[in-house]
Amino acid sequence: MEIYLPIAGMSINLFLVVGIGGMVGFLSGLFGVGGGFLLTPLMMMIGIPPAVAAASDSNQICAAAASGAFAHWRLGNVDFKMGGVILAGGILGGTIGVQLVKILRAMGNFEFVMKVVYVIMLGLVGSAMFIESLRTIRASRGLDPGVAAAPAGEPKLARLFAKLPLKMHFERSGLHTSAIFPFTIGTIVGIMAALLGVGGGFIMVPAMIYIIGMPTIAAIGTDLFQIVLTSANVTLQQAFVNKTVDLLLALILLAGSTIGAQFGAAFGKRLKGEQIRILLAIIVLTLTVKLFLDLVLTPSDLVSLAPAKGGGH
Amino acid sequence: MRRGAILLLATALVMAGGAVTLAAISPEVKQKVLTAASKNLIEIGVSYRGDQIHFFGVNPVPGTDLVIKLTAEKDEDIKLSVKGRVGPFWMTVKQYDVTGTPFMYKIHTGKPLEQIVSKETAQELELGYEAIRHKMKMVLARGEAAPDDADKVFKGMIKIKEEANLYNIVEDPKRLEVAEGKLFKHYFRFPPAATEGRYQVESFCFDKGQLVGYGKDIIEIKKVGLEHWFTYTSQEHPVFFGIFAVVVAVAAGLGVGIIFGKGGHH
């Protein structure tokens, strides 16, 4: 069954899109991550124009994070003050990011830059996750007794960043720390959200826990809160500046990912944390290699169509 | 007097000759090729996956060569990026603004075009890729030009179009069936990439390379219903569309959360 995507301007098999959404949803249910960083590259692989893939993913993330954010808000897990500071950065970053997308598309190098950023980011996250989970597995088997489960050294970073000026009191997180780092990380993740079509939870949550020093549950709740609004801002601006938001695509992906997530969460209960992490690391690293090869192997088409004047595809 | 008459006759002959050459570039004055299309309107709906239109026609000069051309009514302005090596990476190193090429271009004939018309006529009536190449204009927008760019860009453009099934040339009697040299039938496939707009299907009859018959059909493609609304709103009212996309997404996300009774999958 084919479905015509109005903004992507193409006809595509509905089950393929639902299937990809479902698969990413399954993985995100399993690993407890958003999965935007898997979704955008997969959309590109099935022929969705990169800019449409990124913008529509932002739209989908906005939907996928909404119910989680709402639930955490009701449970009192959202640090609104911290979320507000991060969000201010996120709005700024998202706005810069969307303009970057516009400039890069006009230059014909959006896809290139996007893939470079993906390779760096996924390469780092994937390797770190792989090494960390491997160590944990070895430690749990008594092969590497020197390594503790929780990585040491991070609180130092939290103390260092807390010394910066612009100190604020964050009641929900029980912190008295500088607003500079949360704002900066918000800005960086905001730029990435626009450029890559990701929520950025896999960077934001560790940064909140290990660098800002927030309690885990408050970090997750606050991250979801800022993701909804950051991705809403990115969606809005992509629609306005680049005209690349395909709402139909976003809704189909949402349907697929929601169903997939239910199965993923159920399946995840049967696996150990480090097994799950090493599996995710392998998936992330495989994707990194694929994207890296796209950058260095001779492309089959040396000439390509730049986006039409006035947006569109 | 007699000299005057000869002069007059000569002038008339020259004029007549001129009229013949002129007629070659204004096909409308030729004998009409009567055609009928199975439909003249293609509607892009949610389940659109491209469409096919059948054409039937009568050749006014039986036994002559038929050439059918499908083009978009307006030529397009496009920008083409050319990739090159930068260190170990492949990225866009230059761009060309290209004008004068049709968005869609398809030709059906029963035998190779060059056996039907001369190069000049082909160019005049824009028949064949060579004619498009002749008409295409490219201006360097960014980067450094190289001597083989014109060739590279043209071939790259044709490849992109052919892969999207927006361009093709089929020189095959099976594709353009002619019964008793007179009645002909064929079909054009409109791929999903064929966007909204007006397209023309022109039927030419050539007798030993001379244009003797001509006919034209207009096909319109338009988006309808939800597809029309999405496209129109996103292009004309982007701020509203952005807000709408966010509101719908958040509502759908919350709705899904309620259905599954959990806090989403984050």
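**Notes on chain B: two domains and a sheet**

1. The centres of domain 1 and domain 2 of chain B sit 41 Å apart, going by C-alpha atoms. Keep in mind as you read on that this is a predicted model. Domain 1 of chain B is pieced together from 22-72, 104-129 and 155-223, while domain 2 of chain B runs over 224-266.

2. So much for the centres; what about the contact? Six residues of domain 1 of chain B are in contact with six residues of domain 2 of chain B. On the domain 1 side, β3 (41-44) and β14 (210-223) of chain B each chip in at least two residues. As for the chemistry of that side of domain 1 of chain B, you'll find three charged residues, two nonpolar and one polar.

3. Next, the sheet. Chain B has an open sheet of four strands, in the order β2-β4-β12-β11, and the pairing is antiparallel. In general, strands of a sheet pair through backbone hydrogen bonds, either parallel or antiparallel.

4. Which strands stand at the edges? Those are β2 (34-37) and β11 (177-179) of chain B; each has a single partner strand, so one side of each lacks a neighbour in the sheet. From one strand to the next, the twist averages 20°.

5. One pairing to look at in your viewer is β4 with β12. Strand β4 of chain B (residues 51-58) pairs with strand β12 of chain B (residues 183-190) over eight bridges, in the antiparallel sense. If you want a spot to find your bearings, B:Q52 stands opposite B:R189 in β12(B).

Notes: Residues numbered from 1 in each chain as written. Chains lettered and ligands numbered in written order. Predicted model: local features only at pLDDT ≥ 70, side-chain atom pairs only at ≥ 80, totals over all residues. Domains from an automatic or database assignment. Contact = placed C-beta atoms within 7 Å. Nonpolar A, V, L, I, M, F, W, Y, C, P; charged D, E, K, R; others polar. Pairing = 2+ DSSP bridges. Axes fitted to C-alpha atoms, helices over the stretch in contact; angles between N-to-C directions.
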